[in-house]
Amino acid sequence: MTVLTGAEIWRKYAVAGVPASGPHRPDKADIVPWATWLESMLASGAAGLAKATLALLAADIYHDADSTAVVYADPNPANNGFYVKGGVSGDGSWTRIGDLPGDVIRLTVTGGTGNAIVATAPVTPSVPGDKLYLMTPSANCTGASTIAVNGAAAAPIKTALASDTVTGSLVANSPVLMAWQVDHYQLLVSLPVDASGILNDAIAARTGAQTAQAAAEAAAAALGNQLRTYDTVVQAQGATIPVGVNNIRVVRDATNSRLANRTYVPGVVSDPGAFAEAGGHYWKPDFSALPTEALFSSRAGLAAATVPPLLNVALCFGYAAAGDCTPFLLKRVTSAPRFGGIRSTDRYLPSGAVDNTNGGWWVYVPGPAGVDVCAFGYVADWNGDDSVATDNTAALQEAINFAAQSFGNLGVDTGGGYGNHVLLPKGTGLIKSKITVHNGVRFRGKGVSQTILKMWDSFSTTSHVIRLGTPGDASAVCLSQTRGSAGNLVVNGSDATGGIATFFTPAPVTIYSTGNDTGITFTVTGKNLLGGTMSAVVSGSNAGKATTGGPYFAQVTSVAVSGATAANVTVGREPYAAFECSVEDMQLFATALNATSGTSMIYTDNAQHIAGVRRLRIFGGNRVCLNIQTGTGGASYITIEDIETFNHGSEVGVAANNPQIILNYAGPLLTPLKSIVVQGPDAGAASVGILIQGGRCRLEDVHVEHVAQGIVVSVASLNAGWVIMQNIIGGAGMDALVHMDSLAANNVLYYSALDSNSATLAIKDDRVGKSNLGAGLYLPWTLI
């Protein structure tokens, strides 16, 4: 059996002299034979053979095989150590098998300088890393230092942090202890540390790593077709990509931008999104797989992004930040949308072409339930303090305007296109100014106890809160201007974009003159709702207005004058009937602001035909809660269902005294009211629940209390309308449930199931020759 040497058994690393191989753990199977050999050697006295030099030992071969000896003072320290005899007595040779006992080797300085030390050692270890080295310098070092031991090549001396020594690291006559580390001696304890030296070493290491990286990339370039990765597009543009590479990947579009992880393939200069690299070859985005840029944390994130060409749909997970509203889609469009648009930082059209004027625009895509106001920036964050709540007026109006758009034959908004529902979330949102609900728009919440719109405490006392139906606008087409000769007016009004005025609902066009323009004509050109071209010629007026009449314009492209205008003119649109617009499923809340007479929470003078209000609770302060005025157009109707109203009447501290509901839908227009509750704070002397001034009104299932006059009928004649009531109930604090005032002298009332309840009178009748009807329950249909 072969007995290993002590150096082999107790070597420091698994592979002698190779630190990367890991620490070596001695094996008992190796230790026991070696110890047995050592014990037998000591017991037999075999270790007693000792020679001063290797030459003396080599001359003494008359010993049996496996005899041992020691060389202890050879001039060559490498010869000192333990030896074993090979061969029979009188033949063979001696082989060194280990170092002399001892873990610390004393180095004696014999020459050199403080920075280039020459030293000797009593032994040259076979495994230098297994020993420690004690040395007493004879001079101070002044920088990087080396040591040459026993005539070997000089090796560096490093500090404990493995950096070069500096002035004061080695001091004359101050012993130092060192260990051998692969290719240098390393001080176990350092004196001064050269921080700059350490930094320089780190920089040198980095430079070495960069050099190695460059070499690796150069080697990789020779491998041909492979996927190469670049941090940014700019980096890829600066690279020379070898011929034969068919795919590259770009991590980000630009430094610090969001992750793109986009793959590019060889292309040509005309490809959307293509770029040329330093070698002159073009690369284009690979759209064979869905790119990750389809997803954005928010609408604001899309606005800050450079979206690659041909990616024409984006999904946003919020408006200002992720999660602040339900996720919604946007799509690329060919120009800036009038409403619901946002622009990213790129300038791509849906075709992938670059257009610095019209590129980069996106437009909101409604969900199947309708238009989500939160996707336009609505925030229901009112918690009792107006000063810290978000003003949602602009967000709501933008969403409504967008919903009123149409992308039919005109290619632009013309009213009623998306229509359907504009949806408010649960919670209370603040508004500071009037909102207009246009044609085709159903403005809907989640329910009277779920969705609340709260008026600002400083809301204008002369402005309505919600207007139902698009009003007329005197400067919708052209702002005030003059012409010195024949030609076209500038189409720059409130409904104009890019020189074209587009209306929410088709309407007549009106020219307003401040001077005498009777000697000239105005030719209005545009399109109807079906996209057909149309025109109308209007003679100017003398300081008045001239209107085109029918057919009605959905869009105006030009207004030409036949000669110079006498003074300023403006061009607008007339009010016209607003169909299918409504407010539903919410609560409107206002404090007492002493609003002027007739100022209302909800007002309309042109809504009809599937228009109206449904499932509302209205706290009007001292405003009219619901004000329905004369309709525009022929016979039609407006719906009022499931409404609860409250205002302060003539309560102390409230100056104005507005009725809660005013109905003046004159002529042949029908006004059905069903399931209505009207409440006031007390029996104010002038407080009125429902004031009927015109229209053919049918009231069914109505309860009124705590107002002086429940329902006041003031319709002058049958031509102006009439009133039919069924299942009407009064309440406490009322002078009369119904009041036929003197203005209704030429009209009648038809009623059934009239219950005064706690009201003083069932009917107070001020018409000539009529009598009051006392308190009680009146069931049969009766005409009075």
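This passage describes the nonpolar cores and the strand pairing of a predicted model.

In this predicted model, local features require pLDDT of at least 70 and side-chain atom pairs are counted only at pLDDT 80 or more, whereas totals for chains, interfaces and linings use all residues. Residues are numbered from 1 along each chain as its sequence is written, and side-chain values rest on heavy atoms, with hydrogens and water left out.

The largest nonpolar core, a term that denotes a set of buried Ala, Val, Leu, Ile, Met, Phe, Trp, Tyr and Cys residues joined through side-chain atoms within 4.5 Å, comprises 95 residues. Buried here means under 20% relative accessible area, exposed over 50%, and partly exposed in between, as computed with a 1.4 Å probe on protein chains only. Within this core, the residues that touch the most other members are Phe443, Val583, Ile690, Leu699 and Met725. When residues up to four places away in sequence are not counted, Leu699 is in contact (heavy atoms within 4.5 Å) with Leu673, Ile690, Ile692, Ile711, Val723, Ile724, Met725, Gln726 and Ile728. Apart from the largest core lies another, of 22 residues, which includes Ala501, Val509, Ile511 and Met534. In soluble globular proteins, nonpolar side chains tend to be buried together.

Strands were assigned as DSSP runs (E, at least two residues) numbered from the N terminus, and two strands are taken to pair if DSSP finds at least two bridges between them. Strand β9, residues 132–135, shows alternating side chains, with Tyr133 and Met135 buried on one face, while Leu132 and Leu134 point to the other face and are not buried. Strand β7 (residues 104–112) pairs with β9 in the parallel sense over four bridges; Tyr133 of β9 is the bridge partner of Ile105, and Met135 of β9 stands opposite Leu107. The pairing of β9 with strand β12 (residues 176–181) is antiparallel, again over four bridges, and Met135 stands opposite Val176 of β12. Strand β7 also pairs with strand β8 (residues 116–120), in the antiparallel sense and over four bridges, with Ile117 of β8 as the bridge partner of Gly112. Three residues lie between β7 and β8, which form a hairpin.

An open sheet of five strands, with mixed pairing, follows the order β19-β20-β21-β23-β22. Because β19 (295–296) and β22 (341–343) stand at the edges with a single partner strand each, one side of each is left without a neighbour in the sheet. Strand β19 runs parallel to strand β20 (residues 313–316), to which two bridges join it, and Leu315 of β20 is the bridge partner of Leu295.
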